[in-house]
Amino acid sequence: MAGEWFESVAVAQRRAEKRLPKSVYGALIAGAEKGVTLKDNTSAFDLLGLAPHMANLPRERNMATTVLGQDVSMPVLISPTGVQAVDPYGEVAVARAAANRGVAMGLSSFASKSIEEVAAVNDKVFFQIYWSGDKDTLVQRLERAKAAGAKGIIVTLDWSFSNGRDWGSPWIPEKLDLKTMAKLAPEVLARPGWLWSFVKSGHLPDLTTPNMAPVGTKPPTFFGAYYEWMQSDLPTWEDLAWLRSQWEGPFMVKGVCRVDDAKRVVDCGATALSVSNHGGNNLDSTPAPIRSLPGIVAAVGSDIEVLLDGGIRRGSDVVKAVALGAKAVMIGRAYLWGLAANGQAGVENVLDVLRGGIDATMLGLGKASLAELTPEDVLAPDGFFRTLGA
């Protein structure tokens, strides 16, 4: 099964579930509390229809665009996700796959690979940071990202993390010592393919966060970095404006779901915002981003690039988001399923699946370019959209 091409993200997810130890797979599912938002992020797309044409369809379709100053082959970006223990090469494998498909990548400050390693294999990297640590620490991280070649910054603010999940939270160890390995042995031995991939690579899963420490110093564990974030002051709008002033270049704020917040993001001088609820990991019962997207685009779309992050599983989802005003979308779990299923090739497979779906949907809608997509191409039931904070 491993190494074989898969035809959809859903197939990649099923293969990932069969290949990964239970705890690792559970960490990827994530979600908060009852999982209302986690479910709505994907199911909301199912409620949106498309209005196809049947003749005079374009023989060629162009899905290239520019996002945060970077030319990309399609309106899909890699969303930053934390420690990727699903594959020995983690974010480096993802970065290579994205580069091979002409796609930009967001790299998490909680990543298991350094910004230097990732930027070395992909020249379209946006570095993501949390408001964690003091201002001097934040500036040091920005300077490190700039020196490594990062093309932009993503500031994530949509993360409060409920402690409980109705289906149970996975056990995530702080480090892989002998006691931990003994506890994990039954579920790891039940997934020999995953274990063998790490054996062949010559190292165990890395649960540290090298981007959260100065270059050359010992990186903290994921929970060490999480503790720093938990102990940090909560940022104000003035803090966000200050952070923006420390970076010359593209600057995205991730986690917007309200119109009034979107306007404040514009006032801070950001060049882009992401309509997102952190993949359902933030405040449960938050609407799916696709529900909030049109209201935010109507309010600030002429002032700032608006992206959507959440629930993308197929190319038609991408087209729906772009038709409703998104400049591009960001994917998280979709590429992680691909990475778990087949490493770098699996991520490339996911990107190819999305590209094929975008192309087929544009053909059916009779659109030769992304610029031709409009809200009239999407059929939404009454009461579907949510305009918060207008």
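The paragraphs below lead through a predicted model, from its nonpolar interior to a pocket, the cysteines and some loop residues.

The interior is a good place to begin. The largest nonpolar core holds 92 residues, and those that touch the most other members are Leu273, Ile290 and Ile331. Helix H14, which runs over residues 333–365, gives the most to this core, with 14 residues. Apart from this core lies another one, of 12 residues, including Leu68, Ala104, Phe126 and Ala328. The surroundings of leucine 273 can be followed in the sequence as well as in space: once residues up to four places away are set aside, leucine 273 touches Met252, Val253, Val256, Ala262 and Val265 among others, and its contacts also include Ile296, Val300, Ile304, Glu305, Val306 and Leu307.

Valine 318 offers a second view of how separate parts of the chain come together. This residue belongs to helix H13, residues 315–323, and it counts as buried because its relative accessible area is 1%, where the cut-off for a buried residue is under 20%. Leaving out residues up to four places away in sequence, valine 318 touches Pro75, Val76, Ile312, Val329 and Ile358. The C-alpha atom of valine 318 is separated by 9.7 Å from that of methionine 74, although the two residues are 244 apart along the chain.

From the interior we can turn to an open space in the model. The second largest pocket has a volume of about 630 Å³. Of the 29 residues in its lining, Leu157, Asp158, Trp159, Gly255 and Asn282 are the closest to the centre. Helix H9 (222–231), helix H10 (237–245), strand S8 (251–256) and helix H11 (259–267) are the elements that give two or more residues each to this lining, and S8 gives the most, with 4 residues. Sorted by class, the lining of this second largest pocket consists of 15 nonpolar, 9 polar and 5 charged residues.

The cysteines come next. Why is cysteine 257 not bonded to cysteine 268? The sulfur of cysteine 257 is 16 Å from that of cysteine 268, which is the closest cysteine sulfur, and this is too far for a bond, because a disulfide requires the two sulfur atoms to lie within 2.5 Å. Cysteine 268 is likewise in no disulfide, and a search of the whole structure finds 0 of them. With a relative accessible area of 12%, cysteine 268 counts as buried.

The loops complete the tour. Glutamate 33, in the loop between helix H2 (22–29) and helix H3 (36–46), has a phi near 50°, a positive value in a residue that is not glycine, and its relative accessibility of 38% makes it partly exposed. Asparagine 56, in the loop between strand S1 (49–50) and strand S2 (65–67), also has a positive phi, of about 55°, without being a glycine. Is asparagine 56 buried or exposed? Its relative accessibility is 80%, so asparagine 56 counts as exposed, the cut-off for that class being over 50%.

Leucine 57 lies in the loop between S1 and S2 and is partly exposed, at 33% relative accessibility. Beyond its neighbours within four places in sequence, leucine 57 is in contact with Leu363, Gly364 and Gly366. Between leucine 57 and glycine 338, by contrast, the C-alpha atoms are 32 Å apart in space, and the two residues are 281 apart in sequence.

How values were computed
Residues numbered from 1 in each chain as written. Predicted model: local features only at pLDDT ≥ 70, side-chain atom pairs only at ≥ 80, totals over all residues. Heavy atoms only, no water. Buried < 20%, exposed > 50% of the residue type's maximum accessible area, 1.4 Å probe, protein only. 1 Å grid on protein atoms, 1.4 Å probe; cavity = no way out; pocket = protein on both sides within 12 Å on 5 of 7 lines; lining within 4 Å. Points joined across faces, edges and corners; volume = space filled by probe spheres on them. Nonpolar A, V, L, I, M, F, W, Y, C, P; charged D, E, K, R; others polar. Contact = heavy atoms within 4.5 Å. Core = buried A, V, L, I, M, F, W, Y, C linked by side-chain atoms within 4.5 Å.
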